Amino acid sequence: MIYPYLTLNDGTEYTHSEMKADGTVLVYVETPDAEDGFHSLLCVLPKYEIKDVIGYTKDEQDKILARIKKNAHLIIKYSQIGGFQSDAATA
C-alpha cells in the first residue's frame, strides 16, 4: 500500500509504503516537469538509500534527502499505522 505524506507548492509529492517485514519503508518523490513529464526518485528508509533517480540534479536530490531525514521519524510511524490519516482518525 502507498500512502500520501506531503505535497509541496511546486507539485512535488512525497508518498510512502507500509513498513516491510524487514523494517524498511519506501519513500517515493515525484515532481511534475513540463519537458520530461515527471522527475522521480525512491528513498529506502532507514538507510536513506536513494535509488531510481529520474530527472533530479544532485543538488535537488540533496534537498529531497534533507527533507526526508527531517520527516523520517513521522514517515516510519505512519508506515506502521496506515498513513497519517489513520493517526488523525484515532486522535
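**Close-up views of a predicted model**

**View 1. An aromatic pair between strand E1 and helix H1.** The count comes to 1 aromatic pair, where rings of Phe, Tyr and Trp (its six-membered ring) pair if their centres lie within 6.5 Å; planes under 30 degrees apart count as stacked, over 60 as edge-to-face and the rest as tilted. The ring centres of Tyr-5 and Tyr-78 are 6.3 Å apart and the planes stand at 40 degrees, so this pair is tilted. Tyr-5 belongs to strand E1 and Tyr-78 to helix H1, 73 residues apart, and the pair thus links distant parts of the chain. Helices (H or I, at least four residues) and strands (E, at least two) are DSSP runs, numbered from the N terminus. Tyr-5 is buried because its relative accessibility is 15%, and Tyr-78 is buried at 12%; buried means under 20% relative accessible area, exposed over 50%, partly exposed in between (1.4 Å probe, protein chains only).

The model is predicted: local features need pLDDT of at least 70, side-chain atom pairs count only at pLDDT 80 or more, and totals for chains, interfaces and linings use all residues. Residues are numbered from 1 along each chain as its sequence is written, and side-chain values use heavy atoms, with hydrogens and water left out.

**View 2. The open sheet of 5 strands.** The strand order is E1-E2-E3-E4-E5, with antiparallel pairing; two strands pair if DSSP finds at least two bridges between them. Strand E1 (2-7) and strand E5 (49-54) are the edge strands, each pairing on one side only. From one strand to the next, the twist averages 20 degrees. Helix H1 (residues 58-81) packs on the sheet and touches E1, strand E2 (13-17), E3, E4 and E5, a contact being heavy atoms within 4.5 Å. The direction of helix H1 makes about 55 degrees with that of E4 (axes are lines fitted to C-alpha atoms, for helices over the stretch in contact, and angles run from 0 to 180 degrees between N-to-C directions).

**View 3. Strands E3 and E4.** Strand E3 (residues 25-33) and strand E4 (residues 37-45) run antiparallel and are joined by 9 bridges. Glu-30 has Ser-40 in E4 as its bridge partner.

**View 4. The surroundings of His-39 in strand E4.** His-39 has a relative accessible area of 11% and is therefore buried. Its side chain joins that of Asp-36 in a polar contact of 2.9 Å (a pair of N or O atoms within 3.5 Å; within protein, one must be able to donate a hydrogen and the other to accept it, and residues adjacent in sequence count only if both atoms are side-chain atoms). The side chain of His-39 also reaches the backbone oxygen of Gly-55 at 3.3 Å.
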